Each structure stands twice: as structure tokens, then as C-alpha cells.
Amino acid sequence: MAKSFLVVGLGRFGSATALTLAELGHEVMAVDRQMTFVNAIKDKVLNVAQCDMTNEAVVKGIGVDEFDAVIIAMGSDIRASVLATVLCAEHGAKQLICKAQDDLHAKLLEKVGATKVVQPEQAAGVRLANSLVMESVLDYLNLSEHHSINEMKVPKLWVGKTLGGLDVRKNYGVSVFAIRRNDEIIISLAADTEFCDGDVIVLVGENKLLSKVAKL
């Protein structure tokens with residue numbers, strides 16, 4: 001079922017979010033104070049407008065409470081993002097996802113009503129660092145301070161062996177929940193599922209244990 005989203009701030013992060021949501025078939029309204037940014041996506045998103053979401057009359061007029069979620073993507077202007085978050089929260093936004101520039105900015109947003117705060121630059125830095133240190137790691141998603149999901153090349157020691165034969169969870173302390181083999185994604189894994197050369201495996205577990213597997 002299609003959902004409705006309001007994206008506030010159309011820099012790289014905001015415009016990418018708005019365009020992706022639109023491509024996925026959802027109803028999107030995208031706004032920014034600068035007409036240049038509005039014009040850049042007006043042919044790809046159905047509803048776009050130039051407006052200032054730090055103005056209470058504007059926030060009230062847009063009807064933020066009618067959207068399934070409001071994304072505040074004005075991370076570079078801390079004052080504007082905090083004020084827009086406050087106003088959207090006060091006017092009944094159901095869900096407020098906000099972009100933060102740093103940890104202090106994130107704390108401010110949480111205190112004034114943000115449902116969820118994201119720091120895309122920080123997340124990208126973490127993924128880059130992990131890929132540089134562990135060359136077999138292709139992608140990385142942080143779940144908590146100590147747990148992550150890693151997409152990595154299958155260790156050479158595992159090639160030709162089965163999931164059950166390796167007893168991955170017992171011997172390595174991590175769980176395999178998918179295998180990408182060529183253009184196929186295998187999610188129905190069984191004890192006799194065999195690892196093949198060229199496989200990309202998706203693992204979840206503690207960071208220190210995932211790191212050990214990446215070094216095999």
C-alpha cells in the first residue's frame with residue numbers, strides 16, 4: 001500500500017530520498033526554501049513547492065499531520081532543522097525522521113520531537129572504514145553499538161562445505177541468513193546448503209566475531 005511522505009530540504013540527501021520514494025510508488029511532497037533545488041526534481045516528483053518550513057503558518061498550511069512520515073533533511077542548517085522539527089511535532093506529524101550533522105545535533109533533534117535521527121555521513125564513514133580494514137566486506141549495516149549485518153565474500157575455507165557441516169553459529173558465533181550467488185538471492189538456507197566459490201554471504205552477529213570471519 002502506498003504511503004505519503006513530506007521531504008523537507010532538497011540537498012543531496014533530501015532529493016535522493018524524495019526521488020527514491022517516488023520511484024517506489026509512494027506519494028511524495030518535496031519542499032525547499034531555494035527554488036533551484038525545487039526545479040531540479042520538479043519533473044520527477046509529483047508535488048514540489050518552494051516554502052520555508054521554519055514558518056509556523058506554512059507548516060500549519062501544509063498539513064504535516066496528514067502524511068505518514070515527515071523527513072527533515074536540512075542537516076547543514078542546524079537552527080532551521082531544529083525549528084522545522086519543533087513546528088512539525090507541534091502540528092501533529094505522525095513520524096519525524098531527521099538528518100543530523102553530528103551527535104550534538106542529533107540529541108537536540110531527539111529532545112524536540114524527532115522520532116528517528118539519521119547521520120548519513122557518519123554511517124558512510126563507518127562502512128568505508130570497515131571495507132578498508134576488512135577487504136572481504138562489501139557492505140556493512142550497524143544494528144547497535146556491538147552488532148552489525150555484513151555482506152562479504154565467502155571465506156575460502158568455507159567453499160565446498162555446507163552450512164550444517166561448518167556449524168557456523170556454534171563455531172563462529174554468527175548467523176548466515178542469505179547467500180547472493182550470481183543474480184540469485186538464496187534465503188531458504190538448510191543444513192545441506194553448500195557454499196560455492198564467488199558466493200557473497202550476508203551475516204549478522206557481534207562486530208568482533210564478524211571481523212574474525214572476514215579475516216578467514
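Reader: What makes residues such as L6 and I97 count as contacts of V70?

Author: In this predicted model, a contact requires heavy atoms within 4.5 Å. Outside the four places on either side of it in sequence, V70 meets that condition with L6, V8, V64, C88, A93, Q95, L96 and I97. These pairs therefore count as contacts.

Reader: Which strand holds V70, and what makes both of its faces count as covered?

Author: V70 belongs to strand 4. One side of this strand carries A69 and I71, the other V70 and I72, and all four are buried. Buried means under 20% relative accessible area, so each face is covered by that test.

Reader: How do you know that strand 4 pairs with strand 1 and with strand 5?

Author: Pairing takes at least two bridges. Strand 1 and strand 4 have 4 bridges, in the parallel sense. Strand 4 and strand 5 have 3 bridges, also parallel. Both counts reach the cut-off, so both are pairs. L6 has V70 as its bridge partner in strand 4, and I71 has I97 in strand 5.

Reader: Why is a group of 25 residues called a nonpolar core?

Author: The name requires buried residues of certain kinds, Val, Leu, Ile, Met and Cys among them, joined through side-chain atoms within 4.5 Å. The largest such set in this model has 25 residues, and L6, M53, V64, V70, I72 and C88 have the most contacts inside it. Strand 1, helix 3, strand 4, helix 4, strand 5 and helix 5 each supply at least two of its residues. The biggest share, 5 residues, comes from helix 4. Another core lies apart from this one; it has 17 residues, including V154, L163, L166 and I186. In general, nonpolar side chains in soluble globular proteins tend to be buried together.

Reader: How do you know what length helix 4 should have, and what does it pack against?

Author: The expected span is 1.5 Å times one less than the number of residues. Helix 4, residues 78-90, has 13 residues and reaches 18 Å from its first C-alpha to its last, close to the expected 18 Å. Its buried residues are A80, S81, V82, A84, T85, L87 and C88. They pack against helix 3, strand 4, strand 5 and helix 5. After helix 4 comes G92, with a positive phi near 90°.

Reader: Why is Q119 called buried, and what makes its link to D103 a polar contact?

Author: Q119 has 17% relative accessibility, and the limit for buried is under 20%, so Q119 counts as buried. Q119 lies in the loop between strand 6 and helix 6. The side chains of Q119 and D103 come to 3.1 Å. A polar contact needs N or O atoms within 3.5 Å, with one able to donate a hydrogen and the other to accept it, so this pair qualifies. Beyond four places in sequence, Q119 also touches A100, Q101, D102 and A106.

Reader: Buried or exposed: which is L210, and how do you know?

Author: L210, in helix 9, has a relative accessible area of 1%. That is under 20%, so L210 is buried. Leaving out neighbours within four places, L210 is in contact with S148, N150, M152, V174, L203, V204 and G205. Y172 is 38 residues away from L210 in sequence, but 8.4 Å away in space, C-alpha to C-alpha.

Reader: How many residues of the chain are buried, as a percentage?

Author: Of the 216 residues in the protein chain, 40% are buried.

Note on methods: Residues are numbered from 1 along each chain as its sequence is written. This is a predicted model: local features need pLDDT of at least 70, side-chain atom pairs count only at pLDDT 80 or more; totals for chains, interfaces and linings use all residues. Side-chain values use heavy atoms; hydrogens and water are left out. Buried means under 20% relative accessible area, exposed over 50%, partly exposed in between (1.4 Å probe, protein chains only).
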